[in-house]
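Here are some notes for a colleague who is opening this structure for the first time. They go from the chain as a whole to its interior, and then to one helix.

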Amino acid sequence: MDITRVCAVFWSPTGSTERVVKAVSSALAEKLDVSQMFFDFTLPAARTSWPAFAPGDAAVFGVPTYAGRVPNILLKYLDTVSGNGAAAVPVVTYGNRNFDDSLIELRDILAGHGFRPAAAGAFVGEHSFSTTLGAGRPDGADLALARRLGEMAADKLASAADLPPLAVDGTPRPYRPYYQPRDRKGAPVNILKVKPVTLDSCNHCGICARVCPMGSIDPGDPTRYTGICVKCGACVKKCPMGAKTYDDPGYLYHKTELEEGYPGRGNVRLYW
């Protein structure tokens with residue numbers, strides 16, 4: 001296949017997915033000796049249109065896993081993308097528990113909108129709720145595997161006249177329901193409406209408002225929320241004063257449950 005451009009495309013509130021996607025796309029572009037372009041659709045202002053993809057493109061397309069699936073707040077926007085015959089490398093990150101059906105769902109979204117999936121990967125990133133669950137990941141070993149995925153995708157695209165359907169792990173459509181945390185009695189723990197609280201250490205710098213992928217924090221008053229919170233962790237992890245945190249008992253229970261239940265090193269999975 002004649003690839004003339006590699007496109008790194010990602011939604012990455014805390015930067016983990018961005019790092020993985022850029023490692024894959026850089027290796028892919030270097031091996032094919034073609035140019036790269038970057039499209040970050042993390043912030044609301046970017047989610048008004050898409051780049052014009054073409055048959056000569058290879059798009060490395062990444063999102064994090066939320067509750068075992070592609071983040072549902074992105075689905076309407078993803079439904080407007082057009083691949084126009086471009087090759088694709090779907091990539092997901094997950095917070096050390098499991099990527100469940102997020103990768104197969106992203107593969108299906110891209111294939112259903114005119115992309116041709118050639119390779120794929122699931123990588124571990126530090127969990128959005130935690131600094132110990134998947135701490136420091138993606139690390140050097142993860143990014144080396146991301147580059148390997150890019151090189152394998154390059155080899156496949158350089159040698160293939162056509163791309164057969166790409167098999168990845170996950171439950172085919174209809175996918176499993178979104179992961180539902182439960183307490184020790186089996187009752188659901190509902191944190192959908194939970195938002196961070198703002199501590200007195202806040203100096204009103206406005207960083208939290210600027211990095212919120214939903215545009216939900218009032219820039220003039222960072223204690224005030226004007227929209228939904230998707231628990232992405234951007235405001236918490238990027239606040240220089242440590243002034244954003246959660247105090248909801250259900251959220252804290254679920255965070256502890258995840259940290260205690262998945263303490264090991266989650267695996268990277270590559271497909272081509």
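1. The radius of gyration used here is taken over C-alpha atoms, and the rule for a globule is 2.2 Å times the number of residues to the power 0.38. For 272 residues a compact globule would have a value near 19 Å, and because the chain has 19 Å, the two agree. Please keep in mind that this is a predicted model.

2. As for the overall build, the chain holds seven helices and nine strands, and its C-alpha atoms fill a box of roughly 60 × 40 × 35 Å along the principal axes. Of the contacts between residues at least 6 apart in sequence, 79% join residues that are at least 24 apart.

3. On the balance of inside and outside, buried residues account for 52% of the 272 residues. The chain exposes about 12,200 Å², of which carbon and sulfur atoms supply 53%. The chain has 30 positive and 27 negative charges, and the mean positions of the two sets lie 3 Å apart.

4. In soluble globular proteins, nonpolar side chains tend to be buried together. Here the largest nonpolar core has 39 residues, among which Phe-41, Trp-50, Phe-53, Phe-61 and Phe-115 touch the most other members. At least two residues of this core come from each of strand 1 (5-10), strand 2 (35-40), strand 3 (57-64), helix 2 (75-78), strand 4 (87-94), helix 3 (102-112) and strand 6 (120-124), and helix 3 gives the most, with five residues. A second, separate core of 29 residues includes Val-21, Leu-28, Ala-29 and Ala-154.

5. Trp-50 is a useful residue to display with its surroundings. Which residues are in contact with Trp-50, leaving aside its neighbours within four places in sequence? They are Val-9, Phe-39, Phe-41, Phe-61, Tyr-77, Leu-78, Thr-80 and Val-81.

6. Helix 3 deserves its own look, since nine of its 11 residues are buried and it is therefore largely enclosed by the rest of the structure. The buried residues are Ser-102, Leu-103, Ile-104, Glu-105, Leu-106, Arg-107, Asp-108, Ile-109 and Leu-110, a list that includes the charged residues Glu-105, Arg-107 and Asp-108. These buried residues of helix 3 pack against strand 3, helix 2, strand 4, strand 5 (116-117), strand 6 and strand 9 (269-271). Just after helix 3, Gly-114 takes a positive phi of about 90 degrees.

Definitions and conventions. Residues are numbered from 1 along each chain as its sequence is written. This is a predicted model: local features need pLDDT of at least 70, side-chain atom pairs count only at pLDDT 80 or more; totals for chains, interfaces and linings use all residues. Side-chain values use heavy atoms; hydrogens and water are left out. Helices (H or I, at least four residues) and strands (E, at least two) are DSSP runs, numbered from the N terminus. Buried means under 20% relative accessible area, exposed over 50%, partly exposed in between (1.4 Å probe, protein chains only). Contact means heavy atoms within 4.5 Å. Accessible areas come from the Shrake-Rupley method with a 1.4 Å probe; for residues, only the protein chains shown count as cover. The place of a charge is taken as NZ of Lys, CZ of Arg, CG of Asp or CD of Glu. A nonpolar core is a set of buried Ala, Val, Leu, Ile, Met, Phe, Trp, Tyr and Cys residues joined through side-chain atoms within 4.5 Å.
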